[in-house]
Amino acid sequence: MSRSAVMREAAGIALSILMVVGVSCLIYLALLFFRMEHVMLLYLVPVLVAALRWGTLPAVTAAIAGIAAAAFLFYPPIYDLRVSNPDQIVDLVLFVIVAVVTGQLGVIARKAKMRAESENLREALIGSVSHELSSPLASIVGSASVLAQSPAIRQDNQLSGLVAVIRKESERLNGDIQNLLDATKITHEGIRPKWQWVDPEDIVNGAFARKRERAVERHVVFAVADDLPLVYTDPTLVESALGQLIENALKYSPPHTPITISAEQDDGRIAIRIRDEGVGLTRDETDRIFVRFYRSPRHAGNVTGSGLGLWITRSLIAACGGTVEASSAGPQQGTTMTLKLPIKSQPGRDEGEDD
Amino acid sequence: MTEIRPAVLVIDDEPQIRRFLRTGFDLEGFTVVEAGTADAGMRAATLRQVDLIVLDLNLPDIDGAQVVERVRAWSTVPIIILSVRASDEDKVRLLECGADDYVVKPFSMAELLARARAALRRQARGARGEPVVNIGPLSIDLANRAVFLGGKRIVLSPKEYQLLQVLAQHAGNVVTHNILLKEVWGTKHLHNAHYLRILVRKLRRKIEEDPKRPSLLKSELGVGYRLSGMTESD
């Protein structure tokens, strides 16, 4: 526990005791004018407040202090911690039970609230930071592309190499920022697909074209079945999801190994598969790879990533009524990602070619 | 480029973007005029003859679609839109208002130049009444309704030819699904988007070396099609 957390807890305990003292005074004054049977219940107030605001330990302190104060001040024999009346013993036992339960509930409520607050804060931060980053990045990518074209740089291999690095890295950064934007959009606004008929070949080609620059030196095999039916889906969302899968395949497999992109009809659905011969997946990774912010401990130290990509992919595809599954024979055995989309009913075979 | 120093008007509110666009266009032999607001941009466009307008979609003063409409009211000057990602509907809206093409931020100068040159060529072709459009190995003679692939004449169905003709007239630039549906089937069939997808497939089988991985008739998902002999990164 950090030092400030210890300080906060200590302050909580002190305040809890103060509250008990306050409540005791209140009851003492009240008893001068009214006859109160179950004064003990008032001692629940500090317990609840402490549980909600400061956590378990201050709540327990408030409970014990409350019992002690009641026994000492109000239950005969007065100014003695012992309690003689059996009714009042029942009161005390009840108080202990109620205090423990409310304390626990308070602590749970407090934790949930804190979690929600930190989630919101993180989302808001991510959203505004990525907006702020997007526009300077457009200037960087554009400026680097102008430099790459200028005669002075083109003549110089070393300089043009550096310019290529600026472009490549800023484009990767852009991908990460877009992922963050997508993630905040998914959690805040949800995904609203714009349905239309589309040729699955166009989706495969479009997704690959987006990643082409990263795949220039890779052997990529295309195996798209003949005469695939059109699918009714949101092409932009699926393209973006598929692009992420292609990027992962490129990222997690050695440069000399091939990547296969296939598409076929499979039981009323279109199945698009991306297969690589890379690092593969352990059973644990296969189970958790689509969880938001999950990064495998095998790669967390040496491959950059946010742990958002596959979570976004699955969210986008789910919004289109499809599924994404990962499979692997094991570590270093390669990975196959399978994306399945419902075809929906085919439009009539009337093709409008009646001229 | 056949023109002598074509003039490009850049309308973008971000100085850093304008700066690299100015240098990039300048390097390629363009004269550059800059404006930071839509208002200033439209004034500049009326004050002097420009050959091309590069317009940012998100200007602080006037909505991009409105700027396109207002310019189109008196001029056919090619307009290229600079847009941000995830706004397919906006892109389609602007293209259907009369913009010629778009690039998505962040973009490379080469990408923008390819689009700009295609739009300028179309403008020049229209002005000179040139009947033949060449795209890679494909040659389309609009006057004689004849299509050649690698020098050999190929036979297209009337609908296939109509589709190719519209794309060829905008060679290098994107044409939206709706515009193609309207040109080939008429306004009654705007909802029959699958006609277009199937016709594109048929046409690709006749003009593409590998119809499954087209290099001429490319799809811009969610927006339209583009007939182009170049890859995106050229």
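This report describes the chain contact, the domains of chain B, the nonpolar cores and one helix pair in a predicted model.

**Contact between the chains**

Chain B and chain A touch through 35 residues of chain B and 36 residues of chain A. On the chain B side, the elements that supply two or more residues are helix H1 (15-27), H5, helix H6 (158-169) and helix H8 (193-207). H8(B) gives the most to this side, with 7 residues. By class, the chain B side has 14 nonpolar, 11 polar and 10 charged residues.

**Domains of chain B**

The domain assignment divides chain B into domain 1 (7-127) and domain 2 (131-227). Taken over C-alpha atoms, the centres of these two domains of chain B are 25 Å apart. Their contact takes 13 residues from domain 1 and 10 residues from domain 2. Helix H4 (88-97) and H5 of chain B each supply at least two residues of the domain 1 side. H5(B) gives the most to that side, with 6 residues. The residues of the domain 1 side comprise 5 nonpolar, no polar and 8 charged.

The table sets out the classes of residue in three places.

| Place | Nonpolar | Polar | Charged |
|---|---|---|---|
| Side of chain B that touches chain A | 14 residues | 11 residues | 10 residues |
| Side of domain 1 of chain B that touches domain 2 of chain B | 5 residues | no residues | 8 residues |
| Contact of H2(A) with H3(A) | 8 residues | 1 residue | no residues |

**Nonpolar cores**

The largest nonpolar core has 74 residues. Ile11(B), Ile53(B), Val54(B), Ile80(B) and Ile81(B) have the most contacts inside it. Helix H5 (residues 109-128) of chain B gives the most to this core, with 8 residues. Not counting residues up to four places away in sequence, Ile80(B) touches Val54(B), Asp100(B), Asp101(B), Tyr102(B), Val103(B), Leu112(B), Arg115(B), Ala116(B) and Ala119(B). Apart from the largest core lies another, of 40 residues, which includes Trp197(A), Ala207(A), Tyr232(A) and Leu339(A).

**A helix pair in chain A**

Helix H2 (residues 44-53) and helix H3 (residues 56-73) of chain A have axes that come within 7 Å and cross at roughly 170°. Angles over 145 degrees count as roughly antiparallel, and H2(A) and H3(A) are therefore roughly antiparallel to each other. H2(A) makes the contact with Pro46(A), Val47(A), Ala50(A) and Ala51(A), and H3(A) with Pro58(A), Ala59(A), Ala62(A), Ala63(A) and Gly66(A). By class, this contact has 8 nonpolar, 1 polar and no charged residues.

Technical notes: Residues numbered from 1 in each chain as written. Chains lettered and ligands numbered in written order. Predicted model: local features only at pLDDT ≥ 70, side-chain atom pairs only at ≥ 80, totals over all residues. Axes fitted to C-alpha atoms, helices over the stretch in contact; angles between N-to-C directions. Helix = DSSP H or I, 4+ residues; strand = E, 2+ residues; numbered from the N terminus. Parallel < 35°, antiparallel > 145°, perpendicular 65-115°, else oblique. Contact = placed C-beta atoms within 7 Å. Nonpolar A, V, L, I, M, F, W, Y, C, P; charged D, E, K, R; others polar. Core = buried A, V, L, I, M, F, W, Y, C linked by C-beta atoms within 7 Å. Buried ≥ 20, exposed ≤ 12 C-beta atoms within 10 Å, placed from the backbone. Domains from an automatic or database assignment.
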